[in-house]
Protein chains: 2
Amino acid sequence: MSRLRGSVTIDDVARHVGVAKGTVSRVLNNYTDISDSTRKRILKAVQDLGYQPSATARNLKRGRQDTLGIIIPVGHGNGADPFLAEFIDGIARALDELGLDLLVTTAHSRDHVIQTLKRLIARRKVDGFIVTRTEVDDPRIAYLNELNFPFVAHGRTGDPSGYAWFDIDNEATFADGVRHLYSLGHERIGFVGGSLDLNFARQRREGYRQGLEALGVRHDPDLETIQTISEEGGLAGAEALLSQAAPPTAMLCATDALAIGVVQFCRKLGLKAGSDVTVIGYDGLPVGEYLDPPLTTYSQSAQEAGGRVARMLIDLLDGKEPQTLQALAKARLIRRASDGAPSMTSDALANVLRDRLNQQPPSGSKGE
Amino acid sequence: MSRLRGSVTIDDVARHVGVAKGTVSRVLNNYTDISDSTRKRILKAVQDLGYQPSATARNLKRGRQDTLGIIIPVGHGNGADPFLAEFIDGIARALDELGLDLLVTTAHSRDHVIQTLKRLIARRKVDGFIVTRTEVDDPRIAYLNELNFPFVAHGRTGDPSGYAWFDIDNEATFADGVRHLYSLGHERIGFVGGSLDLNFARQRREGYRQGLEALGVRHDPDLETIQTISEEGGLAGAEALLSQAAPPTAMLCATDALAIGVVQFCRKLGLKAGSDVTVIGYDGLPVGEYLDPPLTTYSQSAQEAGGRVARMLIDLLDGKEPQTLQALAKARLIRRASDGAPSMTSDALANVLRDRLNQQPPSGSKGE
DNA sequence: AAGTGTTCCAAAACCGGTTTCGGAAGTCAA
DNA sequence: TTGACTTCCGAAACCGGTTTTGGAACACTT
């Protein structure tokens, strides 16, 4: 009969038992107005025939898809983010328990993201979205809010009211970073930050400043630098901070990518991170473990975050108010080997650097 | 009227124009039996009302979902694979052009994979699957073949006939690796492989052997070791090969994870990869760039592979025969800095190693 | 015996599209 | 003028579920 491979429909079950298909449906949806004997006969038939309802047909009537969407932004060709891979893993695990699924799409520009959002919503392919890498002024969030379409953000925007989000307490974490460095004995603590368009970058700088203030250390603007978030940015940032008359003995970096660049710059100058100078990153990237020395960094569990965000979205779809779905978590310090007590004062460091910066070869030639 | 936010249905459009909804549908599906004037009026109304057909309703009738599925296997808690992140990116890009979407699920055990497969098929949520990390005897492929459900594998199984796949020519690539090492001057070339349950691991060892044979170099079983694919496996593999009387001066590794372990073991012994000993990996992991020295490796573009596999699956759904959809690609050698001409003979190396292996401290303490 | 509830389920409407069927109107040749 | 074809489109069936409606059968009052 049915030309689709083995697909058993509700009609097949109904016919097999000799009842109306509505009755089968009611049994499967736990209505109470079915006699025990009929219920049993139907359940047996469902078993025997291996019937599973078609998600499509059910969704058409119900108006739900049992599918959540995530749109991952990807740069031009430059691979995907390992954080996102784990994040998605966390989401998928959480959804699996509830029989929901995750639709993953990538978008390569700001316009493309909105366009994809629009398509997925109009075509009704998903019930809600998970938005990652929020910006201070995020067009996706504006769009979804306007449509009143359910979503949860991983990370906040400039105005974090009125929608559901889960975020790391960047301020507290970076203030903690400053405290940690200070307790190691560092007094000149630098900060290598990222573009202030990104909300988290702004918050991390704020946390750095708050940390200093809490300790009563004067905030020196020369110890702060803003770079693009990349290894190159880290190189530039380290150069900017270290070539000063009174360089920092420790550098707190907004991301691991920046920290990796900083460590590289230090190595080029023959400085060893962890003893000559201290570097701390943020992200807990696996790459950090293989660095020389292994990078000390703050980390949140991406998988945990994914699960958390997914559960929040489900709550939202169940009717909870977005305002009640806002949560902060703190990142954990993973001490590896790029931090330690200062081996020399800022002045001594400046002396060492003065010579080396001059004789520094133009490029990273390895020598024999 | 409609209680769903702004959702315009085909009926709205039909009413607005004053035609039957079937007519609207025919216009949108490019039927030819519609007069130009009617077509224009309808298209205008579609524009004006911002109508987009509901994927759900369309799928119900069509029996297609315009959605492909991928199930990523994840170990217990130990993060996701960066390769897969890029692979998914490649798939998503290819699908985006055609308006298809990708459903991503994770599974944490063999049974769970089959179970998820079953659910997704029975519920008719996807039209086809992409299967990654194939095993020599892969239950997923057996299951899908049995059901005659469309899928494309990334990687082959022991019996690669009868289904669509895309794979790297592991044999050719590893034979090429041997040739490369030989041309650098290495004569004792080792191989650190992975569990032979994994099909690619088997093929890579085969390629290694073929490479030797093609050069007329005698195959020495002592130069081959099989380890679990991980950094630890690499450490163990390096120890096994290097502690012999006639150690290899170069080691070809089945994956980057193994190669990373090998490099680490060498470093612990004070050997520098790229000069004292040569190490080549496979995977092109970004991590490799940050290694000291940066790892020379073979790589396929994960993104490209994803796109390729996605397009194959689409062809399959369009009715192409699976047998015509089988393709091999060759990996590219990315020369970084862990390979080079041998700086000493196997004998000399053995001498150096003899001392160092004895005075080797039990654990990886860094010293000052 | 008639009226009033329950209990249980069949039948039909509905979700929003696609596709089939058939017929009205117009065109053209005979 | 009539018959045969086209052209174009309305009406209805259909996909496979869920939900509403309504009524048969039975038990229980009064």
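Let's start at the DNA: a backbone N or O atom of Ser54(B) sits 3.4 Å from a sugar or linking oxygen of DNA strand C. Keep in mind that this is a predicted model. Which elements give two or more residues to the surface near this strand? They are α2 (21-28) and α4 (55-62) of chain A, along with α2 (21-28) and α4 (55-62) of chain B.

Two other contacts are worth finding on screen. In chain B, the side chain of Ser25(B) has an N or O atom 2.5 Å from a phosphate oxygen of DNA strand C. Over in chain A, Arg26(A) places a polar side-chain atom 3.3 Å from a base nitrogen of the strand.

Now look at the wider surroundings. There are 27 residues around DNA strand C, and the ones that come nearest are Ala20(A), Thr38(A), Ile10(B), Ser25(B) and Tyr51(B). Sorted by class, that surface has 11 nonpolar, nine polar and seven charged residues. On the DNA side, 55% of the strand's atoms within 4 Å of the protein belong to sugar or phosphate, and the rest to bases.

Let's leave the DNA and turn to helix α7 of chain A, residues 139-147. Here Arg140(A), Ile141(A), Tyr143(A) and Leu144(A) are buried. Looking down the axis of α7(A), you'll see these buried residues fall within an arc of 160°, so they line one face of the helix. In general, an α-helix has 3.6 residues a turn, so residues three or four places apart point the same way.

And what do the buried residues of α7(A) pack against? Their partners are α6 (110-122), β3 (128-132) and β4 (151-154) of chain A. After α7(A) comes Asn148(A), with a positive phi near 60°.

Note on methods: Residues numbered from 1 in each chain as written. Chains lettered and ligands numbered in written order. Predicted model: local features only at pLDDT ≥ 70, side-chain atom pairs only at ≥ 80, totals over all residues. Heavy atoms only, no water. Buried < 20%, exposed > 50% of the residue type's maximum accessible area, 1.4 Å probe, protein only. Helix = DSSP H or I, 4+ residues; strand = E, 2+ residues; numbered from the N terminus. Arc of directions from axis to C-beta. Contact = heavy atoms within 4.5 Å. Near = heavy atom within 4 Å. Polar contact = N/O pair within 3.5 Å; in protein donor to acceptor, adjacent residues only side chain to side chain. Nonpolar A, V, L, I, M, F, W, Y, C, P; charged D, E, K, R; others polar.
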